[in-house]
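Please take a moment to look over the model shown here before reading on. The paragraphs below will then lead you through it step by step.

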Amino acid sequence: MMARDPDDRNPASKPRETEETDTTMATAQLEDELITTEVETGSTERAGRPDETVVATTGLTVHYGDDQALWDVDIEIPVHKVTAIIGPSGCGKSTFLRSINRMNDQIDGCRIGGELHFHGKNVYDEDVDPVALRRKIGMVFQKPNPFPKSIYDNVAYGLRVQGKDDEVDLDAAVEDALRGAALWDEVKDKLDESGLELSGGQQQRLCIARTIATDPEVLLMDEPTSALDPVAASKIEDLIDELVEEYTVVIVTHNMQQAARISDKTAVFLNGGELVEFDRTATIFENPADDRVEDYITGKFG
Amino acid sequence: MARQEYRRRLDKLRTDVCAMADLVLDRYDDALEAYETGNEELAQTVIEGDHDINEQYLDLEGNCVELLALQQPVAGDLRFIASSFKIVTDIERIGDLATNLAGYGVEDAEPLLPLEDVRDIGETAGTMVEDAIAVYETGKAEGTWEIAARDDDLDEACQNASERIVRELIANDPSTLTDTEIEVRLADVSRTLLLIRDIERVGDHAVNICARTLYMAENDDGLIY
């Protein structure tokens with residue numbers, strides 16, 4: 001009722017055969033990109049499987065020291081869809097999001113168990129380079145965090161650190177990314193100005209432009225609109241709707257109405273790190289299977 | 001429990017819908033009595049009282065819209081509000097039908113259908129509404145299918161009553177009647193047929209209430225058609 005049917009999205013914009021071939025190629029290429037040392041197992045089995053899941057976890061657990069923050073999470077995140085992660089504070093939703101591109105690696109005492117597959121490759125395998133992984137799975141944070149550089153340099157940053165500024169037309173790449181983030185028309189005449197001069201909503205879209213400039217596949221968003229006014233937040237929501245044409249979006253939000261408005265699937269985390277229910281967003285908000293989810297989303301607790 | 005004011009308003013909506021249904025059922029009983037006894041004063045009370053019912057209906061509809069707009073209800077709460085929004089329309093229509101019945105009583109000088117037959121189908125329909133509202137009030141689905149199934153019997157009884165009137169009409173030789181008598185006769189027949197149809201419609205509204213209650217309680221649209 002509230003959200004469009006996920007199956008309606010992007011109707012047949014690509015022929016299915018092409019899509020599968022693309023996925024196969026992308027997987028092979030990805031293995032090269034993510035792995036900086038020798039690959040120890042063959043990938044034919046994974047590569048041959050037609051799979052619309054881009055990120056899948058099995059028995060994923062996260063501990064911070066003695067505290068367990070995630071309990072055996074099994075989830076399959078669909079490609080080119082918006083997946084919302086909701087739940088009360090301390091339910092592990094940000095921990096889950098950050099585990100997807102190994103941002104938790106940087107936290108002392110953090111231990112990960114189980115498996116998290118990106119196109120069938122466990123990203124916690126020793127041969128995976130987290131920096132390479134984060135180029136494929138970018139992240140946008142709650143508070144807009146542009147670098148104290150020009151708008152242009154903010155967007156070009158990722159390509160420059162990858163040493164790609166010689167290979168690609170940097171001007172074109174910057175324009176593409178800014179257009180992709182629905183910011184181009186507002187900044188095209190002031191690309192030299194500092195990113196910090198922009199409004200909060202523009203800064204957040206600049207951060208999205210910076211993230212998509214390196215051509216990731218998945219965008220992780222951790223409460224990307226909670227620091228923005230409603231109009232700026234609406235623009236980000238509209239933008240997310242466009243971004244899933246090219247990317248897969250996983251968004252953590254405290255705003256249940258936002259999850260209902262913009263996501264195709266919703267995962268509800270409760271009880272200090274348990275994934276309680278994961279289903280079509282319309283199902284979650286019209287008729288959730290789990291009573292605890294019903295109680296949470298109707299505000300009976302939490 | 002969080003959102004206490006919101007929960008209080010949901011409880012109040014349920015109470016208000018049931019109160020409106022009680023009022024309409026009282027009016028409906030009065031209408032049947034007025035028809036049966038020819039009590040014009042009582043009939044007039046029912047007819048004039050319809051204005052209050054319409055007011056209540058619009059108030060409750062407004063409350064539902066406001067809850068949707070301000071509280072963004074989801075899941076069971078959403079189904080409760082959406083169902084209540086539909087159910088108040090059914091209750092309001094039953095109120096309209098009660099005014100019709102009261103009006104037939106005022107006009108009807110010579111009932112074509114035995115009064116006990118009218119009372120029978122009238123009470124069957126009224127009890128269906130009463131029972132449907134009682135289930136809605138519990139917030140559960142138990143009884144919805146059973147109450148809805150009673151509508152088949154009511155439909156059959158109404159069908160039989162209508163046929164009986166038409167048969168009698170055919171059996172009468174019009175050549176023995178004056179033009180005025182024929183006119184009166186025809187008016188009586190159409191009023192009585194409308195009376196039967198209106199009672200049958202009350203049963204349909206009871207089924208609608210059951211259908212929305214079932215959806216509300218169990219997300220089951222099996223009775224909605």
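What follows is a walk through this predicted model, from the build of one chain to its charged pairs, its cysteines and its enclosed space.

A good place to begin is chain B, whose secondary structure comes to 6 helices and 0 strands, so that, by the assignment of helices and strands used here, a reader who follows the sequence meets the pattern α-α-α-α-α-α. The C-alpha trace of chain B spans about 75 × 35 × 25 Å along its principal axes, and 45% of its 225 residues count as buried. If we consider the contacts in chain B with a separation of 6 or more, we find that 84% of them are made by residues 24 or more positions apart.

Charged side chains come next. Side chains of opposite charge can pair when their charged atoms come close. Over all chains, the structure holds 24 salt bridges, and a few of them can be followed by eye. In chain B, B:Glu66 and B:Arg9 meet through their side chains in a salt bridge with an N to O distance of 3.2 Å. This pair links distant parts of the chain, since B:Glu66 belongs to helix H2 (residues 40-71) of chain B and B:Arg9 to helix H1 (residues 4-37) of chain B, with their positions 57 residues apart. Both partners are partly exposed, B:Glu66 with a relative accessible area of 37% and B:Arg9 with one of 21%.

A second salt bridge in chain B joins the side chains of B:Asp16 and B:Lys12, at 2.7 Å from N to O. Here both residues lie in helix H1 of chain B, and they are 4 residues apart, about one turn of the helix. B:Lys12 is partly exposed, with a relative accessible area of 43%. In chain A, salt bridges that share partners join A:Lys121, A:Asp125 and A:Asp127 into one network. Chain A also offers the pair of A:Asp185 and A:Lys188, whose closest N and O atoms are 3.9 Å apart, a distance that counts as a salt bridge because the cut-off is 4 Å. Of these two residues, A:Asp185 is exposed, with a relative accessible area of 57%, whereas A:Lys188 is partly exposed at 39%.

From charged pairs we turn to cysteines. A disulfide is a covalent bond between the sulfur atoms of two cysteines. How many disulfides does a search of the whole structure find? The search finds 0 over all chains. For A:Cys91 the reason is distance, because the closest cysteine sulfur, in A:Cys110, is 16 Å from its own sulfur, too far for a bond. Likewise, A:Cys110 is in no disulfide, with the sulfur of A:Cys91 as its nearest cysteine sulfur. Both residues count as buried, A:Cys91 at 1% relative accessibility and A:Cys110 at 18%.

The last stop is the space enclosed within the protein. The count comes to 1 cavity of 30 Å³ or more, and about 30 Å³ of space lies in the largest cavity. Which residues line the largest cavity? They are B:Leu112, B:Ile165, B:Glu168, B:Leu169, B:Arg185 and B:Val189, which divide into 4 nonpolar, no polar and 2 charged. Helix H5 (144-171) and helix H6 (179-218) of chain B each supply at least two residues of this lining, and the largest share, 3 residues, comes from H5 of chain B.

Technical notes. Residues numbered from 1 in each chain as written. Chains lettered and ligands numbered in written order. Predicted model: local features only at pLDDT ≥ 70, side-chain atom pairs only at ≥ 80, totals over all residues. Heavy atoms only, no water. Disulfide = S-S within 2.5 Å. Buried < 20%, exposed > 50% of the residue type's maximum accessible area, 1.4 Å probe, protein only. 1 Å grid on protein atoms, 1.4 Å probe; cavity = no way out; pocket = protein on both sides within 12 Å on 5 of 7 lines; lining within 4 Å. Points joined across faces, edges and corners; volume = space filled by probe spheres on them. Nonpolar A, V, L, I, M, F, W, Y, C, P; charged D, E, K, R; others polar. Contact = heavy atoms within 4.5 Å.
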